[in-house]
Amino acid sequence: MPRVGKQLLAEQVPDRRRDHAYRHLTVVVATLLLPLAALVTRGGRVRERACEWAFRVRYPFEDLSGLTPGTRAAFIAARYSALWHDAQLIGLTSGHRMYAEQREMFDEALRRHGSVSAARHWVLPPEESSHVSGRALDIRPTEGARWLEHHGDRFGLYRTYDNEWWHFEYWPDFRGTGRQPPRRPTPGH
Ligand SMILES: [Zn+2]
């Protein structure tokens with residue numbers, strides 16, 4: 001096997017094993033939390049509550065603030081369905097970003113890639129970013145993103161760039177229509 005292939009495998013296999021372990025661990029945690037959730041939850045939302053707690057354990061630093069109410073609700077419904085029906089995890093690495101934060105990211109990309117058009121390949125300026133408007137979700141791990149790519153239509157969540165497997169956006173008008181919002185090669189093209 002060529003060296004590069006070996007290196008790739010060495011890097012990917014433990015990750016996949018780790019993701020797999022976390023997946024099952026999170027389902028176990030959510031299941032164990034069900035009786036406690038039943039004690040403190042009224043109105044039959046026990047599994048929602050247990051799911052929410054289990055994700056707080058798995059991703060303690062996750063920040064859902066600043067998302068539009070629709071985006072947030074779609075994300076929570078999607079991760080509920082992924083966890084309880086398919087034992088898949090959907091985590092959020094980046095949701096809403098402040099204008100200044102996106103500006104900084106874009107300026108950094110400008111410095112690194114040398115031109116606006118090259119920078120836009122990777123990051124959009126704040127005026128155009130769906131992260132700034134609170135409709136974008138960067139998802140992990142890869143298996144969770146793959147799940148969302150297959151099932152996101154039920155929640156109005158769609159992958160919108162070929163070069164970003166992790167980036168999803170909330171487009172409620174397309175939900176359940178069988179159509180998809182435009183998918184572009186990169187953010188700026
Ligand atoms: Zn993104």
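**Exercise 1. How much space lies in the second largest pocket, and which residues lie nearest its centre?**

*Solution.* The model is a predicted one.
Step 1: take the volume. The second largest pocket holds about 210 Å³ of space.
Step 2: list the lining. It comprises 15 residues, and those nearest the centre are Arg97, Trp122, Val123, His131 and Glu164.
Step 3: sort the lining by class. It has 7 nonpolar, 5 polar and 3 charged residues.

**Exercise 2. Identify the protein donors of the zinc ion and place them along the chain**.

*Solution.*
Step 1: find the donor atoms. They are NE2 of His131, OD of Asp138 and ND1 of His167. Their distances from the zinc ion run from 2.0 to 2.1 Å. His131 also belongs to the residues nearest the centre of the second largest pocket.
Step 2: write the spacing. Along the chain it reads H-x6-D-x28-H.
Step 3: assign the elements. Asp138 sits in strand β2 (residues 136-140) and His167 in strand β4 (residues 167-170), so this pair ties together parts that are 29 residues apart in sequence.
Step 4: are Asp138 and His167 buried or exposed? Buried means under 20% relative accessible area. Both Asp138 and His167 are buried.

**Exercise 3. Describe the largest nonpolar core and the contacts of Leu157**.

*Solution.*
Step 1: pick out the hubs. The core has 17 residues, and Ile139, Leu148 and Leu157 touch the most other members.
Step 2: trace the sources. At least two residues come from each of α3 (69-86), β2, α6 (142-151) and β4. The top contributor is α3, with 4 residues.
Step 3: follow Leu157. Set aside neighbours within four places in sequence. Leu157 is then in contact with Ala74, Phe75, Ala78, Leu137, Leu148, Gly152, Glu169 and Tyr170.
Step 4: look beyond this core. Another core of 16 residues lies apart from it, including Val27, Ala30, Phe55 and Leu89.

**Exercise 4. Which helix gives the most to the lining of the largest pocket, and what classes of residue are found there?**

*Solution.*
Step 1: take the volume. About 390 Å³ of space lies in this pocket.
Step 2: find the centre. Among the 18 lining residues, Glu52, Arg56, Leu64, Ile76 and Arg79 are the closest to it.
Step 3: assign the helices. Both α2 (46-58) and α3 supply at least two lining residues. The most come from α2, with 6 residues.
Step 4: sort by class. The lining has 9 charged, 8 nonpolar and 1 polar residues.

Note on methods:
Residues numbered from 1 in each chain as written. Predicted model: local features only at pLDDT ≥ 70, side-chain atom pairs only at ≥ 80, totals over all residues. Heavy atoms only, no water. Donors = N, O, S within 2.8 Å, 3.2 Å for Na, K, Ca; no water. Buried < 20%, exposed > 50% of the residue type's maximum accessible area, 1.4 Å probe, protein only. Core = buried A, V, L, I, M, F, W, Y, C linked by side-chain atoms within 4.5 Å. Contact = heavy atoms within 4.5 Å. 1 Å grid on protein atoms, 1.4 Å probe; cavity = no way out; pocket = protein on both sides within 12 Å on 5 of 7 lines; lining within 4 Å. Points joined across faces, edges and corners; volume = space filled by probe spheres on them. Nonpolar A, V, L, I, M, F, W, Y, C, P; charged D, E, K, R; others polar.
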